[in-house]
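Student: I would like to learn how to read a fold step by step, beginning with the whole chain and ending with single residues. Could you take me through an example?

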Amino acid sequence: MICLTVNGEPRRFEAPLTAAQLIASLQLGGKRVALERNGEIVPRGRFDQQQLADGDRLEIVVAVGGG
Amino acid sequence: MDQLLIAGKAYSSRLLVGTGKYKSFEQTRAAVEASGANIVTVAIRRTNIGQNPNEPSLLDALPPSRFTILPNTAGCYSAQDAVRTLRLARELLDGHSLVKLEVLGDPQTLYPNVVETLSAAETLVKEGFQVMVYTSDDPIIAKQLEQIGCVAVMPLASLIGSGMGILNPWNLEIIIGAAKVPVLVDAGVGTASDAAIAMELGCDGVLMNTAIAAANDPVLMASAMRKAVEAGREAYLAGRMPKKLYSASPSSPTGGVIGPAKDKAA
């Protein structure tokens with residue numbers, strides 16, 4: 001069991017997972033999103049390799065309307 | 001052709017528009033089209049986890065292949081948050097480095113915090129971002145932001161979302177006169193004449209959102225703003241006549257007027 005903070009909310013997962021698996025589990029696969037892990041950018045091309053660890057703080061963002 | 005040059009790239013439109021506060025993406029798209037803008041701003045926000053995964057996204061309505069997407073740091077109150085937001089934006093937009101920096105200082109007035117803005121600008125320029133920076137209409141700060149390496153300086157006309165128009169044209173003139181990078185008025189424009197005045201002052205462009213989005217008919221206002229920016233630019237290039245209290249030089253010929261007053265004595 002690992003616990004991640006995703007966009008400010010705690011989430012539990014049964015087993016360790018990669019960034020790509022997290023994105024897929026949140027139904028964001030194929031979407032244009034950007035990911036930050038513990039304050040560092042995770043490039044989209046590295047989602048598959050990036051292993052997430054217990055206690056990681058993740059930010060997943062999109063573009064929205066703004067001025 | 002008269003084009004807006006930012007960081008070495010030419011844009012045919014001098015009107016930049018925001019994409020917030022619209023009723024729908026359809027209305028956003030229609031207003032952007034009517035504005036003729038090449039550059040459109042977007043905000044960067046956390047995804048709404050658990051929402052309908054098939055919900056359309058803003059970048060479907062405004063594809064980066066057609067528009068230059070200018071990610072902003074709206075809502076950031078520290079240099080650190082602004083820098084993080086734009087690093088995420090660069091990743092989101094495939095390495096795109098043209099960004100709009102704004103760091104606010106007060107949630108009620110949305111007045112910019114120029115100390116944090118200067119600090120964020122330094123970091124971002126070092127990291128290779130091309131920074132268009134929102135700031136107050138202080139000529140000293142505007143010059144410092146230029147010296148840091150910002151590619152455009154964007155002083156407010158009045159406070160964000162206020163629609164109060166240009167409150168200090170004299171400061172804008174000083175900023176424009178001293179600047180070696182494009183100066184764009186960002187924030188405070190309320191209606192078409194405000195945009196025209198900004199351009200007549202010599203601004204290189206105008207960035208607005210609420211003036212269009214909060215109009216009763218945003219698409220029609222977008223069209224009005226397009227014309228106002230073009231008209232103001234042409235008036236600036238044409239060079240206006242000098243102002244004087246009165247003129248002894250009427251527009252029509254002084255001779256040849258009919259009537260006895262003009263008759264010669266027999």
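Tutor: A useful beginning is to ask how far apart in sequence the contacting residues are, and in this predicted model residues 24 or more positions apart account for 66% of the contacts in chain B with a separation of 6 or more. The chain has 266 residues, of which 48% count as buried, and its secondary structure comes to 9 helices and 10 strands. Its C-alpha atoms fill a box of roughly 100 × 40 × 35 Å along the principal axes.

Student: If I then turn to a sheet, what are the strand order and the pairing of the open sheet of 3 strands in chain B?

Tutor: A sheet is read by following which strand pairs with which, and here the order is S6-S7-S8 of chain B, with parallel pairing. Strand S6 (98-101) and S8 of chain B are the edge strands, since each pairs on one side only. Neighbouring strands of this sheet are turned against each other by 20° on average, direction ignored. Helix H4(B) packs on the sheet, where it touches S6 and S7 of chain B, and its direction makes about 175° with that of S7(B).

Student: How many bridges join S7(B) to S8(B), and which residue of S8(B) does Tyr134(B) stand opposite?

Tutor: The register of a pair is read from its bridges, and 4 bridges join these two parallel strands. Tyr134(B) stands opposite Met154(B), while Met132(B) has Ala152(B) as its bridge partner in S8(B). Side-chain directions complete the reading of the strand: Ala152(B) and Met154(B) point one way from S8(B), Val153(B) and Pro155(B) point the other way, and all are buried.

Student: Which handedness does the β-α-β unit made by S7(B), H5(B) and S8(B) have?

Tutor: Handedness is read by following the path from one strand over the helix to the next, and this unit is right-handed.

Student: Which residues of helix H5 of chain B are buried, and why can one say that they line one face of the helix?

Tutor: For a helix, one looks down the axis and notes where the buried positions fall. In H5(B), residues 139-148, the buried ones are Ile141(B), Ala142(B), Leu145(B) and Glu146(B). Seen down the axis, these buried residues fall within an arc of 140°, so they line one face of H5(B). On the other side of the helix, Ile140(B) and Gln147(B) are exposed. The cover over the buried residues includes helix H4 (114-126), strand S7 (130-135), strand S8 (152-155) and helix H6 (169-178) of chain B.

Student: What caps the N-terminal end of H5(B), and what phi does Gly149(B) take just after the helix?

Tutor: Helix ends deserve a separate look. Asp138(B) caps the N-terminal end, with a side-chain oxygen 2.8 Å from the backbone nitrogen of Ile140(B), and just after H5(B) Gly149(B) takes a positive phi of about 120°.

Student: To finish with a single residue, why does Gln3(B) count as partly exposed?

Tutor: Exposure is read from relative accessibility, and Gln3(B) counts as partly exposed because its value is 33%, between the cut-offs of 20% and 50%. Gln3(B) lies in the segment before strand S1 (4-6) of chain B. Leaving aside neighbours within four places in sequence, Gln3(B) is in contact with Ala10(B), Tyr11(B), Ser12(B) and Arg14(B).

Technical notes: Residues numbered from 1 in each chain as written. Chains lettered and ligands numbered in written order. Predicted model: local features only at pLDDT ≥ 70, side-chain atom pairs only at ≥ 80, totals over all residues. Heavy atoms only, no water. Buried < 20%, exposed > 50% of the residue type's maximum accessible area, 1.4 Å probe, protein only. Arc of directions from axis to C-beta. Contact = heavy atoms within 4.5 Å. Polar contact = N/O pair within 3.5 Å; in protein donor to acceptor, adjacent residues only side chain to side chain. Pairing = 2+ DSSP bridges. Right-handed = clockwise from strand over helix to strand, strands pointing away. Axes fitted to C-alpha atoms, helices over the stretch in contact; angles between N-to-C directions.
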